[in-house]
Each structure stands twice: as structure tokens, then as C-alpha cells.
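Here are some notes to read alongside the model, written for someone meeting it for the first time. Keep the 3D view open and follow the points in order.

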Amino acid sequence: MSASDLTVVIPAFGTRGGLLERALESVLPGPVIVVDDATPDHSVAELVARHPVRYVRRSTNGGVAAAQNFGLTFVDTTWVQFLHSDDELLPSAWEAAHPNGFSVVRGCEQGRQMPERAPGARELL
């Protein structure tokens, strides 16, 4: 798998004292979507404007999970990696990327039965 097969989604509420920039720099040059979870100032938009990433903004603050789900709707690659705005990927992350190495999160629409886990998928603990 190459970096272009995977999009990194970073939910953000503020720039977290420079940590968001470090998170961005750790995942570039791969495809990145930054989801601004209704930060009251323009700090996230101003920071993201200096980087080649996609910026989307929620109109109301909904927390990390809501921001991740919102960002997921903009992903157009086979794989997605969620990264918190105060985390960084190690430099070897792209080289180590392999379809069976990523955790798979299962989900379903309300009222539908949960699908069986895909072969090779791991439960998240």
C-alpha cells in the first residue's frame, strides 16, 4: 500500500499549542483531511492554509467522534487512518502500512444486523 491509498483524518478543536502542526507534518505528503470541530476562532483554518491538506469545518462542536464521522464522508481512498490533533505518526508509518496491519472498525445503520467481521480484521481493545 502506498500513502496515496490512505487518507488521514484529523479532527481538531483549536491548534493545541502547536501540536496540530506537528500532527500535520507527521502525515504529509499523504492525503489529509482536517476537520475543524467548530473552533470559535480562525486558528485551525489559518494553520491549515499553510499546508496542502483538505479543510472542512463543522458548524457546531460535536466532539472527536462526530468530527471523525464528518471527515469520513469526504474520504475517497480505500483506507482511512484517524489521527488525533495531539498525536504524530512515526516516520516509518507509511513504509509499514499494509492492509492487514490496520484495524478495521465495524459499524452498521440503526435497525440493521452487524455484519460479520472481515477475515484478518482485529478487534479494537
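1. Let's start with helix 1, residues 19-27, where Leu20, Ala23, Leu24, Ser26 and Val27 are buried (under 20% relative accessible area with a 1.4 Å probe, protein chains only; exposed is over 50% and partly exposed lies in between). These residues sit on the same side of helix 1, because they cover an arc of only 160 degrees around the axis, taken from the directions from the helix axis to the C-beta atoms. Helices (H or I, at least four residues) and strands (E, at least two) are DSSP runs numbered from the N terminus.

2. A word on the source: this is a predicted model, in which local features need pLDDT of at least 70 and side-chain atom pairs count only at pLDDT 80 or more, while totals for chains, interfaces and linings use all residues. Residues are numbered from 1 along each chain as its sequence is written, and side-chain values use heavy atoms, with hydrogens and water left out.

3. Next, the sheet. It is open, with 4 strands in the order 3-2-1-4 and parallel pairing (two strands pair if DSSP finds at least two bridges between them). Strand 3 (54-57) and strand 4 (79-82) stand at the edges with a single partner strand each, so one side of each has no neighbour in the sheet. From one strand to the next, the twist averages 25 degrees.

4. Strand 1 (residues 6-12) and strand 2 (residues 32-36) run parallel and are joined by 5 bridges. Within this pairing, Ile10 stands opposite Val34 in strand 2.

5. Which strands does helix 1 lie across? Helix 1 lies across strand 1 and strand 2, at about 180 degrees to strand 1; axes are lines fitted to C-alpha atoms, for helices over the stretch in contact, and angles run from 0 to 180 degrees between N-to-C directions. Helix 3 (residues 64-72) also packs on the sheet, touching strand 1, strand 2, strand 3 and strand 4 (contact means heavy atoms within 4.5 Å).

6. Now look inside. The largest nonpolar core has 15 residues, and Val8, Ile10, Leu20, Leu24, Val32 and Val34 touch the most other members. Such a core is a set of buried Ala, Val, Leu, Ile, Met, Phe, Trp, Tyr and Cys residues joined through side-chain atoms within 4.5 Å. Strand 1, helix 1, strand 2 and helix 2 (43-48) each give two or more residues to this core. A second, separate core of 6 residues includes Val9, Ile33, Val35 and Val75.
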